[in-house]
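Here are some short exercises to work through with the sequence and the model side by side. Try each task before you read its solution.

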Amino acid sequence: MEYEESGWYRFPSPFKEAGLKKLRESVDEISRQERPEVVLEKNGNAVRALHGCHLFDDTCARLVRLPTLVGLAEELIGEPVYVYQFKVNLKQPQEGAAWPWHQDFAFWSKEDGMAAPHAVNIAIFLDDTHEDNGPLQVIPGSHRLGLIEPSVDEQGKRSGDWRNHVAADLEYTVPRPQVDALLQRTAKRPAIGPAGTVYAFHPSIVHSSSDNRSMDRRALLLITYNAVSNAPAFSPRPEFLVSRDASPVIPLADDVL
Ligand code: SIN
Ligand code: MN
């Protein structure tokens, strides 16, 4: 199966324009609120990301229960799943900053105590995404290396501050020599496509994205489904980053937002 082999996979989109419009409206409305779930870029006031929206916004709550998405996650993981994380990375025109090369599983294992990468990211494009607005890019097959010991900071110290897990100067990155060695063997691939495109990618795949220097916003919505049997016992991070409720998602009756 392509996902097992390469660690990512483009899935036929279940979204219609009306559903995407509803999601964009929720994102715009939440972006105007001042709350800890809304994170700004370090330089300036541009909204960088929204977190845990499925816990307080009706449209996002319905989204995580769409039968197609839940079915996809269960098929890839092979077990009942719950929503571990929900975020929207916004990359505002000309202001959205990069995400350095990293593996998500580094954060989930080291910060939250997740035992195994029995989770999957479902990425949904809310905007048309092209080479110039900072698309997510992956190194196909890199998930098969397992966890690559990350660089932490110059002193090798952990900050214990969740803000360093969502900022452009990310806390756990794949060391540059390893990234260069991987890129010598395998070309990086961008996740591009029209709004509504859906990709699944593995917790251990090495991925990044560059600054958005274009005039087009690039909103990427990410739902992480984790196997119910893989729920960590305790995370010190806020609930809007790491769900406490590990009960299986109950899919809706249909795929309508
Ligand atoms: C991005 O929004 O470009 C990065 C997403 C991620 O690291 O999961
Ligand atoms: Mn990531």
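The exercises below concern a predicted model, and each one comes with a worked solution.

**Exercise 1. The metal site**

Task: Find which residues coordinate the manganese ion (ligand 2), and work out how they are spaced in sequence.

Solution:
- Step 1. Start at the manganese ion (ligand 2) and look for its donor atoms: they are NE2 of His-102, OD of Asp-104 and NE2 of His-207, at 2.1 to 2.2 Å.
- Step 2. Now read these donors along the chain, where the spacing is H-x1-D-x102-H.
- Step 3. Check how two of the donors are covered. His-102 has 6% relative accessibility, so this residue counts as buried, the cut-off being under 20%. Asp-104, at 8%, counts as buried too.

**Exercise 2. The surroundings of ligand 1**

Task: Describe what surrounds ligand 1, which polar side chains its oxygen atoms approach, and which strands supply the shell.

Solution:
- Step 1. List the neighbours. Around ligand 1 you will find Asn-89, Lys-91, Trp-99, His-102, Asp-104, Leu-136, His-207, Ser-209, Arg-218, Leu-220 and Leu-222. This list includes His-102, Asp-104 and His-207, which also coordinate the manganese ion.
- Step 2. Look at the distances from oxygen atoms of ligand 1 to side-chain N or O atoms. For Ser-209 the value is 2.6 Å, for Asn-89 it is 2.9 Å, and for His-102 it is 3.0 Å.
- Step 3. Ask how much of the ligand is covered. Ligand 1 exposes 260 Å² when taken alone, and the protein buries 98% of that. The space that ligand 1 takes is the largest cavity.
- Step 4. Map the shell onto the strands. At least two shell residues come from each of β5 (99-102), β10 (207-209) and β11 (220-227).

**Exercise 3. Two positive phi angles in one loop**

Task: In the loop between β4 and β5, compare Lys-91 and Gln-94: what are their phi angles, and is each residue buried or exposed?

Solution:
- Step 1. Place the residues. Lys-91 is in the loop between β4 (81-89) and β5, and Gln-94 lies in that loop as well.
- Step 2. Read the backbone angles. Phi is near 45° for Lys-91 and near 60° for Gln-94; each is a positive value in a residue other than glycine.
- Step 3. Turn to accessibility. Lys-91 has 2% relative accessibility and therefore counts as buried. Gln-94 has a relative accessible area of 53%, so this residue is exposed, the cut-off being over 50%.
- Step 4. Link back to the ligand: Lys-91 is one of the residues that surround ligand 1.

**Exercise 4. Sequence separation and distance in space**

Task: For Ile-223, Pro-117 and Phe-56, find the location of each residue and its C-alpha distance to a given partner.

Solution:
- Step 1. Ile-223 lies in strand β11 and is buried, with a relative accessible area of 0%. Its partner Asn-121 is 102 residues away along the chain, and their C-alpha atoms are separated by 5.7 Å.
- Step 2. Pro-117 sits in the loop between α5 (104-112) and β6 (119-125), partly exposed at 27%. From Pro-117 to Ala-106 it is 11 residues in sequence and 9.7 Å between C-alpha atoms.
- Step 3. Phe-56 belongs to the loop between β3 (47-51) and α3 (58-63) and is partly exposed, at 29%. Phe-56 and Pro-203 are 147 residues apart along the chain, with 25 Å between their C-alpha atoms.

Key:
Residues are numbered from 1 along each chain as its sequence is written. Chains are lettered from A and ligands numbered from 1 in the order in which they are written. This is a predicted model: local features need pLDDT of at least 70, side-chain atom pairs count only at pLDDT 80 or more; totals for chains, interfaces and linings use all residues. Side-chain values use heavy atoms; hydrogens and water are left out. Donors are N, O and S atoms within 2.8 Å of the metal (3.2 Å for Na, K and Ca); water is not among the atoms, so sites may look incomplete. Buried means under 20% relative accessible area, exposed over 50%, partly exposed in between (1.4 Å probe, protein chains only). A residue is near a molecule or strand if one of its heavy atoms lies within 4 Å of it. A polar contact is a pair of N or O atoms within 3.5 Å; within protein, one must be able to donate a hydrogen and the other to accept it, and residues adjacent in sequence count only if both atoms are side-chain atoms. Accessible areas come from the Shrake-Rupley method with a 1.4 Å probe; for residues, only the protein chains shown count as cover. On a 1 Å grid over the protein atoms alone, a cavity is a set of points where a 1.4 Å probe fits but cannot get out, and a pocket is an open set with protein on both sides within 12 Å along at least five of seven lines; lining residues have an atom within 4 Å of a point. A molecule sits in a cavity or pocket if more than half of its atoms lie within 2 Å of its grid points. Helices (H or I, at least four residues) and strands (E, at least two) are DSSP runs, numbered from the N terminus.
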